[in-house]
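Me: I have a structure open and I'd like to go through it bit by bit. Can you take my questions as they come?
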Amino acid sequence: MAGVLAVAGPAQAACPVVLDHGHVDVVGLAYEDSRLQIAVHDESGAVEVEHAPEDVVLRALPAARTTVPGGPAYAFLGTAGQPVWILPEVQNPDLLWAGFGAEELQPGIFKDDAVDVKFLSLSGPGRLAVYTDDVFGDPETVLVDSGDGLPDTVGLHAGDHTHANWAFSKPGTYTLQVQAGGRLAADNRQVTSRTVTYTFQVQK
């Protein structure tokens, strides 16, 4: 039977790094030393810095607050007119630009170059939705929706780099557990990352 490779997790930093603006790949994937790894890639400064997810607080500033538009396409965000805090898919230099990065995954390691990122559970005062927009700025694909239950899976491929809207229905602190997995092309073994924990702070 195919084995499963996993990595033990680190202890949370006593003084986590707070990230509240700039380009940050919240889910950054790598395969190193026969291990599938998830890290936060902070590209907000002149030099990219890599953090364990537990060592970071990802903050949605008050400027992220908007209201849910009308129309059935937005129903997954809540009732029209209610507040919602969105870290946008299109870069706003005053807010966190949250993305997915698989540039460090070399082609040919995973079967079909594919890795699944599973959003396992969410704890917090409200809901989380991760979604992309179409060319008109309307919702196109809902990748993650805790409102209809988790887990949800986001598929990535080696070399991918993409951004999405991260929407929170209420202010407060959220913790999110995520794990990545895929099959090695060489022997079809399933490998998984450790389960990482993210902390988001959504400010009023």
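Reply: Yes. One definition to start: two strands pair if DSSP finds at least two bridges between them. Also keep in mind that this is a predicted model.

Me: OK, so which residue does Ala60 stand opposite in strand 18?
Reply: Ala60 stands opposite Val202. The strands involved are strand 6 and strand 18, which pair in the parallel sense over four bridges.

Me: And is strand 18 enclosed or open?
Reply: Strand 18 is largely enclosed by the rest of the structure, because five of its seven residues are buried. Buried here means under 20% relative accessible area.

Me: What about strand 16 and strand 18, parallel or antiparallel?
Reply: Antiparallel, over seven bridges. Strand 18 covers residues 196-202. One pair you can look up is Leu176, whose bridge partner in strand 18 is Tyr198.

Me: How many bridges join strand 10 to strand 16?
Reply: Seven, and these two strands run antiparallel. Strand 10 is residues 114-123, and strand 16 is residues 172-183. Asp116 stands opposite Gly181 of strand 16.

Me: Then how does strand 16 pair with strand 17?
Reply: In the antiparallel sense, over three bridges. Strand 17 is made of residues 190-192, and its Val191 stands opposite Gly182.

Me: How many residues lie between strand 16 and strand 17?
Reply: Six, and the two strands form a hairpin. Asn188 is in the turn and has a positive phi of about 65 degrees.

Me: Why point that out?
Reply: Most residues other than glycine have a negative phi. The phi of Asn188 is a positive value in a residue other than glycine.

Me: Where else does a positive phi turn up?
Reply: At Asp33, for one, where phi is near 55 degrees. Asp33 sits in the loop between strand 3, residues 22-32, and strand 4, residues 35-42.

Me: Are those two residues buried or exposed? I mean Asp33 and Asn188.
Reply: Asp33 counts as exposed, because its relative accessibility is 72%. Asn188 is at 34%, so it counts as partly exposed.

Me: Changing topic. How many salt bridges does a search of the whole structure find?
Reply: Two. In one of them, Glu54 pairs with Arg194, and the closest N and O atoms are 2.8 Å apart.

Me: How many residues apart are Glu54 and Arg194?
Reply: They are 140 residues apart, so the pair links distant parts of the chain. Glu54 is in the loop between strand 5 and strand 6. Arg194 is in the loop between strand 17 and strand 18.

Me: Buried or exposed, for Glu54 and Arg194?
Reply: Glu54 counts as buried, since its relative accessibility is 8%. Arg194 is buried too, with a relative accessible area of 12%.

Me: Which side chains meet in the other one?
Reply: Asp187 and Arg189, at 2.8 Å from N to O. Asp187 is partly exposed, with a relative accessible area of 40%. Arg189 is also partly exposed, with a relative accessible area of 29%.

Me: Why would side chains pair like that?
Reply: Side chains of opposite charge can pair when their charged atoms come close.

Me: What about charges on the surface? Which residues form the negative patch?
Reply: Glu32, Asp33, Glu48, Glu50 and Glu103. You have met Asp33 already, in the loop between strand 3 and strand 4.

Me: Where is Glu50 found?
Reply: In strand 5, which is residues 49-51. Glu50 is partly exposed, with a relative accessible area of 45%.

Me: Next, which peptide bond is cis?
Reply: The bond from Leu150 to Pro151 is cis, with omega near 15 degrees. Most peptide bonds are trans. Pro151 lies in the loop between strand 12 and strand 13, the latter being residues 152-157.

Me: Last one. Where is Val144, and is Val144 buried or exposed?
Reply: Val144 lies in strand 12, residues 139-145. Val144 counts as buried, because its relative accessibility is 1%.

Me: How far is the C-alpha atom of Val144 from that of Arg189?
Reply: The two C-alpha atoms are separated by 26 Å, and the residues are 45 apart along the chain. Arg189 is the residue whose side chain meets that of Asp187 in a salt bridge.

Notes
Residues are numbered from 1 along each chain as its sequence is written. This is a predicted model: local features need pLDDT of at least 70, side-chain atom pairs count only at pLDDT 80 or more; totals for chains, interfaces and linings use all residues. Side-chain values use heavy atoms; hydrogens and water are left out. Patches are made of residues with over 30% relative accessible area and no salt bridge: like charges are joined within 9 Å, nonpolar side chains (Val, Leu, Ile, Met, Phe, Trp, Tyr) within 5 Å. Accessible areas come from the Shrake-Rupley method with a 1.4 Å probe; for residues, only the protein chains shown count as cover. A salt bridge is a side-chain nitrogen of Lys or Arg within 4 Å of a carboxyl oxygen of Asp or Glu. Lys and Arg count as positive and Asp and Glu as negative; His and the chain ends are not counted. The place of a charge is taken as NZ of Lys, CZ of Arg, CG of Asp or CD of Glu. Buried means under 20% relative accessible area, exposed over 50%, partly exposed in between (1.4 Å probe, protein chains only).
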